[in-house]
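Hi,

Here is the structure I promised to pass on, with the sequence alongside. Have a look first, and my notes on what turned up follow underneath.

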Amino acid sequence: MIKDIKENHEDRMKKTIDALKRELASLRAGRATPALLEKVSVDYYGTQTPVNQVAKVSVPEPRMIVIQPWEKTMLKEIEKAIMKSDLGLTPNSDGNAIRLAIPSLTTERRAELKKGVNKKAEEAKVALRNIRRDANDAIKKMEKSKEATEDEAKKGQDDMQKMTDKYVKMVDSIKDLKEKEIMEV
């Protein structure tokens, strides 16, 4: 049924939006957020484990992240993982916790981040268009096999276009918000 195709593909579009939000949340925009550490993994007894699963991550100040490992033995591992990551932050350990001071962004770094945001948004739009194409192909296949009339197929394709437009607008608004956050001084 065309309705099933639309629902299935709308779910895929929602997942694309969620993935974009997660991706942009991990970009450092001069403000501390636990999401910055989502991609940082540590060696926890032989298994790569996200930092937030081996420590309490908190943001006591707008430009400070505090990481308190549940096991003191993890301090060095977490420090190493942060140093290896592409965050560009230097961990400060006091023996009990690690403090990450988030420096203000330079103008060049802001421009670089803005380009990255635009690239991620464009990738999301391409993914949305690919999902629309897949749905339209499925609808055309149904029309060819006489499971749907020409009118139903046309309406289904029109609905997919409207849905795609709606999600592309969502991508644009998410991108605009992140750019605004990056450009704030």
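Helix 3, residues 107–144, contributes the most to the lining of the largest pocket, with three residues. Bear in mind throughout that this is a predicted model. The volume of that largest pocket comes out at about 260 Å³. It has 13 lining residues, and the ones closest to the pocket centre are S26, L27, K39, D86 and L87. If you sort the lining by class, you get six charged, five nonpolar and two polar residues.

Helix 3 also turns up in a couple of long-range contacts. K119 sits in this helix and is exposed, at 53% relative accessible area, because the cut-off for exposed is over 50%. Its C-alpha atom is 9.8 Å from that of K175, although 56 residues separate K119 and K175 along the chain. Then there is T16, over in helix 1 (residues 2–25). The C-alpha atoms of T16 and E123 are 9.7 Å apart, with the two residues 107 apart in the chain. Is T16 buried or exposed? It counts as buried, since its relative accessibility is 14% and the limit for buried is under 20%.

Now the strands. There is an open sheet of four strands in the order 3-4-6-5, with antiparallel pairing. Its edges are strand 3 (55–61) and strand 5 (91–93), each of which pairs on one side only. On average, neighbouring strands in this sheet are turned by 25 degrees against each other, ignoring direction. Inside the sheet, strand 4 (residues 64–69) and strand 6 (residues 98–101) run antiparallel and are joined by four bridges. If you want a spot to find your bearings there, V66 stands opposite R99 of strand 6. As a general reminder when you look at side chains, those in a regular strand alternate between the two faces of the sheet.

Strand 1 (residues 41–44) and strand 2 (residues 47–50) make an antiparallel pair of their own, again over four bridges. S41 has P50 in strand 2 as its bridge partner. The two strands form a hairpin with two residues between them, and Y45 in that hairpin takes a positive phi near 50 degrees. Why point that out? Most residues other than glycine have a negative phi.

Y45 has a second claim to your attention, through its ring. The structure holds one aromatic pair. The ring centres of Y44 and Y45 lie 4.8 Å apart and the planes meet at 70 degrees, so this pair is edge-to-face, the cut-off for that being over 60 degrees. How exposed are the two partners? Y44 is partly exposed at 27% relative accessible area, while Y45 is exposed at 63%.

One more positive phi to flag: K146 has a value near 65 degrees, and K146 is a residue other than glycine too. You will find K146 in the loop between helix 3 and helix 4 (150–183). With a relative accessible area of 73%, K146 is exposed.

Cheers

Definitions and conventions:
Residues numbered from 1 in each chain as written. Predicted model: local features only at pLDDT ≥ 70, side-chain atom pairs only at ≥ 80, totals over all residues. Heavy atoms only, no water. Phe/Tyr/Trp six-rings, centres within 6.5 Å; stacked < 30°, edge-to-face > 60°. Buried < 20%, exposed > 50% of the residue type's maximum accessible area, 1.4 Å probe, protein only. 1 Å grid on protein atoms, 1.4 Å probe; cavity = no way out; pocket = protein on both sides within 12 Å on 5 of 7 lines; lining within 4 Å. Points joined across faces, edges and corners; volume = space filled by probe spheres on them. Nonpolar A, V, L, I, M, F, W, Y, C, P; charged D, E, K, R; others polar. Pairing = 2+ DSSP bridges. Axes fitted to C-alpha atoms, helices over the stretch in contact; angles between N-to-C directions.
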